Amino acid sequence: MKTRFAPSPSGHLHVGGARTALFNFAFARRMGGRFILRIEDTDQKRSSDAASLGFLKDLAWLGILWDEGPEFAEGAIACGGGDAAPYFQSQRRETYDALLDRLLAEGKAYRAFDTPEELEAQRRRAAEEKRAFRYQRTTIDPATEARLLAEGRPHVLRLVVPQEPVTIVDAVLGEATIPAGEIDDFVLRKADGFPTYHFAVVVDDELMGVTHVLRAQEHFNNTARHMLIQDALGFRRPTYAHLSIIFNPDGSKMSKRDKDRTLRARVRDLGLDAPPPATVGAARFAAWLADANIQLELEEATRLAAALDVSLPEINVDDFRRSGYLPEVLVNFLALNGWSPGNDLEKFDLAFLCEHFSLERVLRTPAKFDRAKLLAFNIDAINALPRGEFVERARLHGTAFHPEFMERLTPAQFELLMNASHGRSRTLDEPFRGNRWLVTDDDALRWESSKPVRKAMTGASPNGVDHLRGVRPVLEALETWDVPAIETAVTGYAKDHAGEQVGKVAQPLRIAVTGGTVSPPIHDTLALLGKTAVLRRIARALDHGWEQS
RNA sequence: GGCCCCAUCGUCUAGUCUGGUCCAGGACACGGCCCUUUCAAGGCUGUAACACGGGUUCGAAUCCCGUUGGGGUCACCA
């Protein structure tokens, strides 16, 4: 028994694709079979080696390792290889051509010389007449064909499709019959010599021994085509199972374009007609803004989002990784969209899924991707992590995405930061994103001007500034600079001068040393920064004009 | 528009095959209360759904038909 995941490598692995991979993987494990990864890169324009590698990394990060497929090694992980290599369709052209020749010889396929323009015109006419477009087979006499071939005229290969109804048997959706005439003579090989998706998929699934195909529901109608090819070639029929599609909360299809949509909306809100400096070129920006079909590259989109101060929706597995989600949480949550083990159980890991996954419990209805629930799962999982493991995971995350922290913080500081952050961080990214003040030079710190800040610092005496002035010598006099010592000093000061209301002192201190109203508990914050920086920042804060800020 | 698929709280879902134990269970979100030096986190608690209309049956969320709504697909993209 064998399953497979067969992505086309454009961009990054999207969460919908990740779920498909997950189910195929879990199903193979459950049945004691094998899981194949195959890269469907038959579209030369859209495929790239970089994207392929990204897909492999994303899958491996989730713990979805393939028994057969491209060879991959990273750290302690190594997987891939196999007898049916190569696993990149672009390297399997001779295989497809040999089979295509056979079909041609048997009269089950034929050459078609229509130009894209001609077909487009026919399609337009069909649309005008409000009827579905179906390709009309034209017979061409051998002499003419020989002449066209001799001229080197571009042509495609099409399948001779019998005019009969086709009944699809699907393990999750049941049976569906496509009436005769619904399917026309579709293309098997493109003019550039590459096979179409339909042909390559069927051939490879047969040759690689795939017995079960779990894929997105958008392929449901294609299944009839694939069955027709199998019949023409005399291939076996795998079991099909079509998975519902994952949607955005608003019901739109979750797609990579959502990033562009978010950015365009933001640009419109701001009334921008030129790109912010160092994001994208002016011409590129104008073209992108004018044409909703143009997508920015991920790097461009990221730069623009940073400049416009918006957060891009997480769509790809890599986005969630960057945002600080735990891979086991994503796996758990993805599985819950379209599958459930029953009995009100919803927290489980990959091993559990591999042990219990079944097609019978796959839902037919599409799910909307609820980031709030994903976040809630992430919070629970992070809180349940042993302290040491949280710190270790944060270290890995920081190394990958926040090198500035790793460079500036001593190991002791890093340890302190993460100890203070565990239990109050919802993602692995929050300790970094929320504590920029730690990697800012003392003299470069800027204070945010906002109502809560003014409220904490100004007002009737003794106000925040007064307390700052009062607590500074107390801190300066400390000989040991650690959390207990600071705690004693600050609470002692509050007891004598602020009616035991620690917050009256803590908040001004927090603002003075971090620039804002949010940071880890005040003793941790001060300990983290070190005595010199704290005193320096308080001194600067005392010179700041709080009234007019 | 043709063809195909789907339909339980706002969302993810349990329950549907094998009708009664369901005036529908869990989780997230939301509201309230508590805790609190900020932001979080945490504790307690509340509101909330069988799309609609017909059947079948002693009895329907569960079976049948229709309506409505949603989705997929109609490429030399996958």
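Which residue in β6 does Y110 stand opposite? In this predicted model, Y110 stands opposite R158 of β6, and that pair offers a way into the sheet described below, after a view of the whole chain.

**Overall form**

Chain A has a secondary structure of 24 helices and 13 strands. Its radius of gyration is 30 Å, well over the 24 Å that the globule rule gives for 549 residues, so chain A is more spread out than a compact globule. Along the principal axes, the C-alpha trace spans about 105 × 55 × 35 Å. Of the 549 residues, 49% count as buried, while the accessible surface comes to about 26000 Å², with 51% of that area belonging to carbon and sulfur atoms. Among the contacts in chain A with a separation of 6 or more, 73% are accounted for by residues 24 or more positions apart.

**The sheet around β6**

The strands β5, β6 and β9 form an open sheet in the order β5-β6-β9, with antiparallel pairing. Its edge strands are β5 and β9, each of which pairs on one side only, and the twist averages 45° from one strand to the next. Strands of a sheet pair through backbone hydrogen bonds, either parallel or antiparallel. Here, four bridges join β5 to β6, whereas β6 and β9 pair over two bridges. The table lists individual residue pairs across these strands.

| Residue and strand | Opposite residue and strand |
|---|---|
| Y110 | R158, β6 |
| A112 | V156, β6 |
| R158 | V187, β9 |

R158 thus stands opposite Y110 and also has V187 of β9 as a bridge partner. In a regular strand the side chains alternate between the two faces of the sheet. In β6, V156 and R158 point one way, L157 and L159 point the other way, and all of these residues are buried.

**Helix α6**

Helix α6, which covers residues 197-207, is mostly covered, since nine of its eleven residues are buried. The buried residues include the nonpolar F199, A200, V201, V202 and V203, but H198, D204, D205 and E206 are buried as well. What covers the buried residues of α6 includes β9, the edge strand of the sheet above, together with β1 (2-5), α3 (93-105), β10 (212-216) and α7 (222-233). After α6 comes G209, whose phi is positive, near 75°.

**Nonpolar cores**

In soluble globular proteins, nonpolar side chains tend to be buried together. The largest nonpolar core of the model has 104 residues, of which L22, F357, F369, L475, L509 and L526 touch the most other members. Helix α1 (residues 15-31) gives the largest share of this core, nine residues. Leaving aside neighbours within four places in sequence, L22 is in contact with I64, V331, L334, A335, L350 and L353. Apart from this core lies another, of 28 residues, among them V166, I168, A200 and A224. A200, a member of that other core, is also one of the buried residues of α6.

Definitions and conventions: Residues are numbered from 1 along each chain as its sequence is written. Chains are lettered from A and ligands numbered from 1 in the order in which they are written. This is a predicted model: local features need pLDDT of at least 70, side-chain atom pairs count only at pLDDT 80 or more; totals for chains, interfaces and linings use all residues. Side-chain values use heavy atoms; hydrogens and water are left out. Two strands pair if DSSP finds at least two bridges between them. Axes are lines fitted to C-alpha atoms, for helices over the stretch in contact, and angles run from 0 to 180 degrees between N-to-C directions. The radius of gyration is taken over C-alpha atoms; the globule rule is 2.2 Å times the number of residues to the power 0.38. Buried means under 20% relative accessible area, exposed over 50%, partly exposed in between (1.4 Å probe, protein chains only). Contact means heavy atoms within 4.5 Å. Accessible areas come from the Shrake-Rupley method with a 1.4 Å probe; for residues, only the protein chains shown count as cover. A nonpolar core is a set of buried Ala, Val, Leu, Ile, Met, Phe, Trp, Tyr and Cys residues joined through side-chain atoms within 4.5 Å.
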